[in-house]
Amino acid sequence: MESIKILFAEDDVNLGKVLTTYMTKKGYTIEHATNGEVAYEMFCKGTYDICLIDVMMPLMDGFTLAQEIRKLDTKIPIIFLTAKNLQEDMIKGLTIGGDDYITKPFPIEVLVARIQALLRRTAPQEKEEDTIQLGKIVFDKNRQTLNINGEEVKITTRECALLLMLIEKKNEVLERGYALKKIWGDDSYYNARNMDVYITKLRKYFKSEPKIQIINIHGVGFKFVM
C-alpha cells in the first residue's frame, strides 16, 4: 500500500523532529516546514494526503496558510495544532476549512488516531451493493434496516457498524478489542458492556434465521457463523 504523505507545518523544531521521527517509523511519509510560507511553497510543488498545521507560525500563520491551501485544494484534510485552547480559535479554524483541531500538548498516538479517522472519512468510497442477503434476512446497510419475514426493522448506527464488521469477518473471530476501538474509539469497560448489549440485540434479530449464529468466543470476541 502506498504511504500516506503528510505536510507538517510547525515552527517548534523539537516537536517537528519528534513527530517526524515517530510518523516515519509508523510508515508515513512526512515533510516538515518551520513556517507558513515554506509550507505553502511545499504544498504548491508537492502532492499530499493530509496537512498538519500549527496555528501560531512566523511569516504566515496557520489560519492564513489553510485558507491559501483551500484555494488550491478544497478537499485535502487539514488538522490544526495549537497551544491555545480558545473556543473562538477552534470555531475560526473549522470555519475557514479545517477538518479537525487538536490542542497541545497531546499524545502522539491521539494525533495518529485522528489522522487515520479523518483519512477514512474522506477516502473515496467504492460503489458497492446496498443490500446483503443473510439467509432469508435482507440487510440494507445504507438505510440501516433488516427485512425479517417481510417486516422492516430499523437498527442503530452502531448496530449497523457492528453487524458489518461481523459480516466482514464471517466464520472468523472478530476480536472484541479491535471492534471496540473501531466503533467506540476505545475498549473501556463501559463501552464493552454497551457492545454486549448490541450483540444481544443482533442475536434477537437473527433468531428466526437458523443458518446464522453469533457465537461468543470467551475472552477473545465473537464469530458470525453462516
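## Helices α6 and α7

In this predicted model, helix α6 (residues 157-168) and helix α7 (residues 176-183) have axes that come within 11 Å and cross at roughly 140°. Because angles over 145 degrees count as roughly antiparallel and this one falls outside the parallel and perpendicular ranges too, α6 is oblique to α7. The crossing in which α6 passes α7 is right-handed.

On the α6 side, the contact is made by Arg158, Ala161, Leu162 and Met165. On the α7 side, Tyr178, Ala179, Lys182 and Ile183 take part. Sorted by class, this contact of α6 with α7 has 6 nonpolar and 2 charged residues, and no polar ones.

## The sheet

The model also has an open sheet of 5 strands, with parallel pairing. Across the sheet, the strands stand in the order β2-β1-β3-β4-β5. At the edges are β2 (29-33) and β5 (100-103), each of which pairs on one side only. From one strand to the next, the twist averages 20°.

In general, strands of a sheet pair through backbone hydrogen bonds, and the pairing is either parallel or antiparallel. Here, strand β1 (residues 5-9) pairs with strand β3 (residues 50-54) in the parallel sense, over 4 bridges. Within this pair of strands, leucine 7 has cysteine 51 of β3 as its bridge partner.

## Helix α2 on the sheet

Helix α2 (residues 36-45) lies across three strands of the sheet, namely β1, β2 and β3. Relative to the edge strand β2, helix α2 runs at about 140°.

## Helices α2 and α3

Two packed helices are described by the angle between their axes and the distance between the axes. For α2 and helix α3 (residues 62-72), the axes come within 10 Å and cross at roughly 15°. Since angles under 35 degrees count as roughly parallel, α2 is roughly parallel to α3. The crossing of these two helices is right-handed.

From α2, the residues that make the contact are Gly36, Ala39, Tyr40, Phe43 and Cys44. From α3, they are Leu65, Glu68, Ile69 and Leu72. By class, the contact of α2 with α3 has 7 nonpolar residues, 1 polar and 1 charged. The charged residue is Glu68 of α3 and the polar one is Gly36 of α2.

Methods
Residues are numbered from 1 along each chain as its sequence is written. This is a predicted model: local features need pLDDT of at least 70, side-chain atom pairs count only at pLDDT 80 or more; totals for chains, interfaces and linings use all residues. Side-chain values use heavy atoms; hydrogens and water are left out. Axes are lines fitted to C-alpha atoms, for helices over the stretch in contact, and angles run from 0 to 180 degrees between N-to-C directions. Angles under 35 degrees count as roughly parallel, over 145 as roughly antiparallel, 65 to 115 as roughly perpendicular and the rest as oblique. A crossing is left-handed if the near helix is turned anticlockwise from the far one by less than a right angle, and right-handed if clockwise. Contact means heavy atoms within 4.5 Å. Two strands pair if DSSP finds at least two bridges between them.
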